[in-house]
Number of protein chains: 2
Amino acid sequence: MNQRTQIRDPELTRARILEAAEALFVEQGFSAVKLSELARAAEVTKSLIHHHFGSKEQLWEAVKDRAFERYFTAQMAMLEEAGEPDAALLRSSVEAYFHFLRENPGVVRLFAWTHLEGDNHCSELDSQLVGAGAEWVRQTQLRGLLRADINPTHIIAVFVMTCTQWFEAKCHHQHWPGMGSDEAFLEDFLKIFMEGVTPRE
Amino acid sequence: MNQRTQIRDPELTRARILEAAEALFVEQGFSAVKLSELARAAEVTKSLIHHHFGSKEQLWEAVKDRAFERYFTAQMAMLEEAGEPDAALLRSSVEAYFHFLRENPGVVRLFAWTHLEGDNHCSELDSQLVGAGAEWVRQTQLRGLLRADINPTHIIAVFVMTCTQWFEAKCHHQHWPGMGSDEAFLEDFLKIFMEGVTPRE
DNA sequence: GCGCTAATTGACCGGCCGGCCAGTTAGCGC
DNA sequence: GCGCTAACTGGCCGGCCGGTCAATTAGCGC
């Protein structure tokens with residue numbers, strides 16, 4: 001900003017802008033964020049934001065791309081290290097997904113904002129992920145280790161949506177009477193879910 | 001707007017503003033809505049909005065209050081007409097809730113926006129609702145008709161969150177490979193859920 | 001009918017929004 | 001070192017945002 005330390009590092013500048021932008025967009029959503037505020041947060045001039053990203057809209061896209069890229073690679077890694085299909089593995093996948101969301105609350109909110117915008121530019125990536133997961137479920141069904149009378153995609157959807165909503169709407173239902181902690185809820189959800197997808201002997 | 005039909009009907013005016021505001025807020029969220037646009041949609045001058053509601057913020061509160069009031073009374077009515085506690089009734093309650101959300105997509109989005117804002121000014125009403133539902137579950141558990149090893153509030157939460165997320169994030173997962181229709185998903189969710197909450201004989 | 005209240009209008013405002021541009025300068029290739 | 005590219009600055013802009021206000025008038029109580 002002022003005359004001190006005139007070192008230039010465009011990579012760092014881009015990173016600083018992206019980081020500050022992600023924080024603000026996650027917090028307030030696209031239209032509530034002001035570029036002036038963002039510039040202050042990133043310790044950068046407003047013009048610099050335009051120089052590196054073109055417009056507020058393009059910056060928003062860049063932020064989403066980066067976050068969903070992270071989400072996608074993390075999930076893909078989890079899927080790939082999954083071993084022999086069986087019910088226990090499904091359980092631990094749900095746990096892993098739940099904990100991933102808990103550790104990445106920003107991603108959850110970013111998802112939520114984009115859902116509300118009707119934006120589905122991340123759905124190619126997500127479809128891949130869900131497709132792979134559903135295929136894994138199908139294999140497990142074929143081995144008789146999961147109920148075969150349920151659409152595999154729906155099995156994935158049920159646990160993904162429950163975990164997502166738990167964190168998206170946390171501010172809302174955390175005050176519900178009798179509601180337990182993250183872990184207590186996950187425990188109870190797994191009781192229902194696992195019992196529901198496992199075949200009766 | 002112009003000189004024709006100089007009839008005044010403040011109630012109708014308020015209603016027109018509220019209706020247009022709800023539509024826009026539902027669509028775009030609070031900060032993306034412009035009062036000028038809203039005035040045009042409601043066929044009303046901008047000043048009239050301020051006259052009747054004070055400020056954009058207060059109008060937003062009024063819109064939320066009205067919508068949540070509607071939601072609350074509808075749900076309370078459903079709860080009260082519920083009869084003898086048993087598992088079949090839980091099933092039909094889930095179905096009713098799911099169909100209510102499908103018929104009221106605006107409410108779902110309004111909920112979503114307020115969740116993201118961290119606003120929980122509707123939580124007293126909601127807590128009542130959840131409390132009543134959980135109590136009903138507890139009664140059913142005591143009769144041995146539902147598994148007793150699960151927190152009743154969590155049972156409510158699981159189905160509420162799944163239904164909510166289904167509609168909140170519809171634009172997102174409707175393109176997932178293998179995903180079925182509303183009814184097909186509900187069917188599969190109920191298979192999992194009912195099996196999960198029913199005691200093994 | 002008369003007068004008072006409040007619904008309604010349209011002109012207007014200060015502020016700030018996203019974006020632009022002319023000018024400066026750091027840093028890299030040569 | 002030299003020059004060129006692009007990173008970076010600060011001032012600026014048009015537009016429109018939410019909000020105000022004075023003036024007008026419909027409608028209701030009496």
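This report walks through how two protein chains meet each other and two DNA strands in a predicted model.

Residues are numbered from 1 along each chain as its sequence is written, while chains are lettered from A and ligands numbered from 1 in the order in which they are written. Because the model is predicted, local features need pLDDT of at least 70, side-chain atom pairs count only at pLDDT 80 or more, and totals for chains, interfaces and linings use all residues; side-chain values use heavy atoms, with hydrogens and water left out.

**The two chains together**

Let us begin with the protein. Chain A and chain B each bring 57 residues to their contact (contact means heavy atoms within 4.5 Å). The size of an interface is often given as the accessible area lost when the parts come together. Here the two chains bury about 5,100 Å² between them, with 63% of it on carbon and sulfur atoms; buried area is the accessible area, taken with a 1.4 Å probe, that two parts lose on being put together, summed over both. Three residues, B:Leu116, B:Met161 and B:Ile192, supply 15% of the area that chain B buries against chain A, more than any other three.

Two salt bridges are found across this interface (a side-chain nitrogen of Lys or Arg within 4 Å of a carboxyl oxygen of Asp or Glu). One of them joins A:Glu195 to B:Arg200, whose closest N and O atoms are 2.3 Å apart. On the side of chain B that touches chain A, α8(B) gives the largest share, twelve residues. Helices are DSSP runs (H or I) of at least four residues, numbered from the N terminus. By class, that side of chain B has 25 nonpolar, 20 polar and twelve charged residues. Ala, Val, Leu, Ile, Met, Phe, Trp, Tyr, Cys and Pro count as nonpolar, Asp, Glu, Lys and Arg as charged, and the others, Gly among them, as polar.

**The DNA strands**

Now for the DNA. Near means that a heavy atom of the residue lies within 4 Å of the strand. Of the 22 residues around DNA strand D, those that come nearest are A:Arg8, A:Ser47, A:His51, B:Leu35 and B:Lys46. Sugar and phosphate make up 61% of the strand D atoms that come within 4 Å of the protein. The largest share of the surface near strand D, four residues, comes from α3(A).

DNA strand C also has 22 residues around it, and A:Leu35, A:Lys46, B:Arg8, B:Ser47 and B:His51 come nearest. For strand C, sugar and phosphate account for 62% of the atoms within 4 Å of the protein. Here α3(B) gives the most to the nearby surface, with four residues.

The table lists some polar contacts (pairs of N or O atoms within 3.5 Å) from side chains of chain A.

| Residue | DNA atom | Distance |
|---|---|---|
| A:Thr13 | phosphate oxygen, strand D | 3.1 Å |
| A:Thr45 | phosphate oxygen, strand D | 3.0 Å |
| A:His52 | phosphate oxygen, strand D | 3.0 Å |
| A:Lys46 | base oxygen, strand C | 2.7 Å |
| A:Ser47 | base nitrogen, strand C | 3.3 Å |
| A:His50 | phosphate oxygen, strand C | 3.2 Å |

**A residue to look at**

A:Glu43 has a positive phi of about 55° although it is not a glycine. A:Glu43 sits in the loop between α2 and α3 of chain A and is exposed, with a relative accessible area of 57% (exposed means over 50%, taken with a 1.4 Å probe on protein chains only).

Conventions
Polar contact = N/O pair within 3.5 Å; in protein donor to acceptor, adjacent residues only side chain to side chain. Helix = DSSP H or I, 4+ residues; strand = E, 2+ residues; numbered from the N terminus. Buried < 20%, exposed > 50% of the residue type's maximum accessible area, 1.4 Å probe, protein only.
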